[in-house]
Each structure stands twice: as C-alpha cells, then as structure tokens.
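Subject: Structure handover

Hello,

Here is the structure we spoke about, with its sequence. My notes on what was found in it follow below.

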Amino acid sequence: MRKGFIVFDLNGKRAVVTGAGSGIGEAIALRFGEAGAWVWVVDRNEAEGNATVERIRAAGGKAEFEALDVSDAGAAKALAERLGAIDILVNNAGVGHVGGLLETEAEDLDRLHAVNVRGPFNLCKAFVPSMLQQGRGSVINMASIGGIVGVRDRLAYTVSKHAVVGLTRVLALDHSHTGVRFNAICPGRVETPFVKARIAEYADPEAAYREMASTQLNGRMGKPEEIAAMAHYLASDESAMVTGSCQLIDGGWSAGK
Ligand SMILES: NC(=O)c1ccc[n+]([C@@H]2O[C@H](COP(=O)([O-])OP(=O)(O)OC[C@H]3O[C@@H](n4cnc5c(N)ncnc54)[C@H](O)[C@@H]3O)[C@@H](O)[C@H]2O)c1
C-alpha cells in the first residue's frame, strides 16, 4: 500500500447509525468514528447509545447520541429536520423472534415489521430527500442471510428481512442516477447480544450455539467488526459503483448445504 494512503476515508462525512448502542451497529459507529466521520449514534436505549458515544470520543472521534425509536415516523422526521443533510445512513436497528408458523402470532409479525421494515422506511423517508437534493449519499440497510434464503424456525424474522432486501432494491431503482446509493448487508450469524439473547431462548442453549455456528461453512459465527468493514466500504466513495446490492457476509452459508 502507498505510504499515507487512506483507505475508505470518511473525513467530513456526516453519518447516522441506528441501533448503534450494541453489537453490529456499535462496531459500525466505532469504525466510522475512526475513519473521520461525524457519527450520530441513534438508539432507543440511552445508556448503551451514550456508552458508544463515549467509546468513539475516547478513540478521538466525533459523535453525538440521539434517542429514537425507529418505528416512530414523526420522531425520525423531527431528527432529520434537526440534523439537516447527512452523507451516510445506516439502518441497522433490528429485533428478532424465534419460531415457525405454530409458534408465531400475527402480533409477532407486526412487531418485527414495525422495527425491521418500517424503521428503515421511516429513516429513509426522513433523510433521503436531503440526500437527493445534495446529489450524494449512501444508505446501508442491515438485512440478513434471512433476507436471501429462508431461515429455519425464524418465520417473522425471515419475512421482515426479505422485505428489507426488497426495500433496498426498489429504492436503488427509483433513485438511480441521483448520486444516492442504496445497499443491503446480509450477515450470517454474528456473535452479538442479539444472537446471545436468541440462543438463551432455547431449552438447550449450548446445543443451539453449536447448531447456529454450524450453518456457516467455515463453522464459526461472524464478528461485528467483520460486518462493520463492509459498511465502511459501502459508506465510502470507493464503492461509488455499488448500488442495489446485497452484500453477503455469511461464512458461505448461502452457497448451499
Ligand atoms: N447478530 C446477527 O447474527 C445478525 C445477523 C444478521 C443480521 N443481523 C441484523 O443486524 C442488526 C443488528 O443486530 P445485532 O445483533 O447487533 O443486535 P443487538 O440487539 O446487539 O443491537 C440492536 C440495537 O438496536 C437497538 N434497537 C432495537 N430496536 C430499536 C428501535 N425500535 N429503535 C431504535 N433502536 C432499536 C437496540 O437497543 C440495540 O442497541 C439487526 O438489524 C439484525 O437483524 C444480525
């Protein structure tokens, strides 16, 4: 590498990362901060969101916390009005549910839809108009391997993440030639508080952990930092040719069984 060459420079860019209080979102926010971006850490959990801000600042980065439930369209609009135009929007906040048809109620479907689908929709409604006006922006939606293939025993989650992939593709189509790009990231299993909570719901958590790791061809779960690396690339100008894509980071899960 050329001496002094900065890879995926985010200096001067303004980024909003939802669900940045924990797991993948936290890793993305930290990485963006290290890359020079101004980061708005958005989460409904104040304590965790503020802790992420402190970690970014301690590493020399610039960050602010914003309390927000992404399912609240009015609050998302108010936030966008306050912040003005941004360059990067990462719709990462998400919730899960374990169960197939017999264990899933319509309310579970609605609960996941409200956060996983209406959340990104609300934030896009709020922030994309100013991105279109300035003629640049990168929107990154955190989907899942469950947005590409069916995940056993995750009916509501799979449905919601397929919707996130659909949302991303339509946004990319409708706003081609604008300078605003829309991409999804589809991780396999990543070891975060989200996954640990799901594992704890099983009768035999240790067996569940082994089973979940085994769906990756490489036999391990991903790390939040490995997802953050992709978000960093998609956020940067070096991915200018990438839009409407679904970036799989799944340890080979989608290659087949
Ligand atoms: N961990 C995995 O294996 C995995 C795999 C594929 C995709 N994903 C997706 O990645 C994203 C992050 O997952 P994670 O594992 O880091 O989760 P996590 O539970 O560790 O963190 C999620 C964060 O989102 C916040 N959040 C939840 N609902 C919110 C809401 N309505 N408004 C604002 N903030 C809210 C939580 O407070 C938390 O800080 C999710 O969209 C998830 O579906 C995770």
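Helices α4 (106-134) and α5 (residues 155-174) meet through two sets of residues: Asp-108, Leu-109, Leu-112, His-113, Asn-116, Val-117, Pro-120, Phe-121 and Cys-124 on the α4 side, and Ala-156, Tyr-157, Val-159, Ser-160, Lys-161, Ala-163, Val-164, Leu-167 and Leu-171 on the α5 side. Two residues are in contact here if their C-beta atoms, placed from the backbone, lie within 7 Å. By class, the residues of this contact are 13 nonpolar, three polar and two charged. Ala, Val, Leu, Ile, Met, Phe, Trp, Tyr, Cys and Pro count as nonpolar, Asp, Glu, Lys and Arg as charged, and the others, Gly among them, as polar.

This is a predicted model, in which local features need pLDDT of at least 70 and side-chain atom pairs count only at pLDDT 80 or more, while totals for chains, interfaces and linings use all residues. Residues are numbered from 1 along each chain as its sequence is written.

The axes of α4 and α5 are 9 Å apart, at an angle of about 20°. Axes are lines fitted to C-alpha atoms, for helices over the stretch in contact, and angles run from 0 to 180 degrees between N-to-C directions. α4 is therefore roughly parallel to α5 (under 35 degrees counts as roughly parallel, over 145 as roughly antiparallel, 65 to 115 as roughly perpendicular and the rest as oblique). The crossing of the two is right-handed, that is, the near helix is turned clockwise from the far one by less than a right angle.

α4 also packs against helix α3 (residues 73-83), with axes that come within 8 Å and cross at roughly 30°. This angle makes α3 roughly parallel to α4. Ala-73, Ala-76, Lys-77, Leu-79 and Ala-80 of α3 meet Asn-122, Leu-123, Lys-125, Ala-126 and Phe-127 of α4. Seven of the residues in this contact are nonpolar, one is polar and two are charged.

Helix α1 (residues 23-34) and helix α8 (residues 224-235) have axes that come within 8 Å and cross at roughly 50°. That makes α1 oblique to α8. The α1 residues in this contact include Gly-23, Ile-24 and Phe-32, and those of α8 include Pro-224, Ile-227 and His-232.

Which residues are closest to the ligand? They are Gly-19, Gly-23, Gly-94, Thr-192 and Phe-194, out of 30 that surround the ligand (C-beta atom, placed from the backbone, within 6 Å). α1, α4 and α6 (193-200) each give two or more residues to this shell. The shell has twelve nonpolar, 13 polar and five charged residues.

Overall, the chain has eight helices and seven strands (DSSP runs, numbered from the N terminus: helices are H or I of at least four residues, strands E of at least two). The C-alpha atoms fill a box of roughly 50 × 45 × 35 Å along the principal axes.

Regards
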